[in-house]
Amino acid sequence: CPCVPTEGAMMDNRFATALVIACVLSLISTIYMAASIGTDFWYEYHTLSPAENVTEAGRGIWEEFVSKDADEKTYTDALFRCNGTVGLWRRCITVPKNPHWYSPPETDMTTNCISFSLSDQFVEKYIEPGNHNSGTDLNRTYLWRLQFLLPFVSIGLMCFGALIGLCACACRSLYPAIATGVLHFLAGLCTLGLVGCYVAGIELLHRKLPLPEDVRGEFGWSFCLACVSAPLQFMAAALFIWAARTNRKEFTLLKAYRVA
């Protein structure tokens, strides 16, 4: 920790206020980011007539959905037909509690979720989803991998920045706050990259598997939390860097004045 003399730690209320606001923004963005990673509402499918889709013929689709051997096309079709939601770690569909005794007028439904395994996160995507002989779609493959890795890099950078901030407090110096600001800026870039990768991945998937006419898709609130987290990280970074640099500049001028 680059400690400096106690005089270098002197700061007025402007810098203290900026640091407090930056810490609050950093904490909120971390909470939002963690919540978005842990929830399953990045993208939602709304079927206009879900009851008609849960028929005897359609039950095999959601039964395959819970299978470990379900490929991308299989579980995507189930998401279309059964009011599905997709997160970074899980996919969910709405199904009847008693599928063997279900008839369309019934409304006793439940949500079944299946987690993506670690191998699923790095599996190759195919040019024609579900067709292993169609070749690898490199764009979708790497977009999928990035959307899995980037949120953890973002949170890791913010946590590392928080450790540097604690070190700055222990040393009674604002200088390390510049490093904290830079780390938050990089975290914001990672979060922004995550949002971009996810949007691009969804658009490319829907070009391969278009939405049925009676299905509507939209980004969910988990995705919105990630979108809000990015600007909060950038604002926190700007405040950290401004407070550290301005305080350092004023201290240098004050020291030069005293010497003169």
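Biologist: Let's start with the second largest pocket: how many nonpolar, polar and charged residues are in its lining?

Modeller: By class, that lining holds eight nonpolar, four polar and eight charged residues. Keep in mind that this is a predicted model.

Biologist: How much space lies in the second largest pocket, and which residues are closest to its centre?

Modeller: The space comes to about 330 Å³. Among the 20 lining residues, Ala70, Asp71, Glu72, Tyr75 and Asp120 are the closest to the centre.

Biologist: Which elements supply at least two residues each to that lining?

Modeller: Helix α4 and strand β4 (109–115) each do.

Biologist: Then let's look at α4. Is this helix mostly covered or mostly open?

Modeller: To judge a helix, we go through its residues and ask which have under 20% relative accessible area, the cut-off for buried. In α4, seven of the 10 residues are buried, so the helix is mostly covered. The buried ones are Glu72, Thr74, Tyr75, Thr76, Ala78, Leu79 and Phe80. Glu72 and Tyr75 also belong to the group closest to the centre of the pocket.

Biologist: And what happens at the start of α4, and what follows the helix?

Modeller: At the start, a side-chain oxygen of Asp71 comes to within 3.3 Å of the backbone nitrogen of Lys73. After the helix comes Asn83, which has a positive phi, near 50°.

Biologist: Now for the interior. In the largest nonpolar core, which residues touch the most other members?

Modeller: That core has 37 residues, and Trp42, Tyr45, Phe65, Leu79, Ile93 and Tyr198 touch the most other members. At least two residues each come from α1 (13–38), β1 (43–47), α4 (72–81), β3 (90–96), α6 (138–171), α7 (176–208) and α8 (221–259). The most come from α7, which gives nine.

Biologist: What does Phe65 touch, leaving out residues up to four places away in sequence?

Modeller: With those left out, Phe65 touches Ala70, Tyr75, Ala78, Leu79, Arg91, Cys92, Ile93, Asn112 and Ile114. Tyr75, Ala78 and Leu79 are buried residues of α4, and Ala70 is one of the residues closest to the pocket centre.

Biologist: Which residues does the second, separate core include?

Modeller: This core has 11 residues, including Phe15, Ala18, Leu232 and Ala236.

Biologist: One last residue: where is Ser36, and why is Ser36 called buried?

Modeller: Ser36 sits in helix α1. Ser36 counts as buried because its relative accessible area is 0%. Not counting residues up to four places away in sequence, Ser36 touches Trp42, Ser222, Leu225 and Ala226. You have met Trp42 already, among the residues that touch the most other members of the largest core.

Key
Residues numbered from 1 in each chain as written. Predicted model: local features only at pLDDT ≥ 70, side-chain atom pairs only at ≥ 80, totals over all residues. Heavy atoms only, no water. Core = buried A, V, L, I, M, F, W, Y, C linked by side-chain atoms within 4.5 Å. Buried < 20%, exposed > 50% of the residue type's maximum accessible area, 1.4 Å probe, protein only. Helix = DSSP H or I, 4+ residues; strand = E, 2+ residues; numbered from the N terminus. Contact = heavy atoms within 4.5 Å. Polar contact = N/O pair within 3.5 Å; in protein donor to acceptor, adjacent residues only side chain to side chain. 1 Å grid on protein atoms, 1.4 Å probe; cavity = no way out; pocket = protein on both sides within 12 Å on 5 of 7 lines; lining within 4 Å. Points joined across faces, edges and corners; volume = space filled by probe spheres on them. Nonpolar A, V, L, I, M, F, W, Y, C, P; charged D, E, K, R; others polar.
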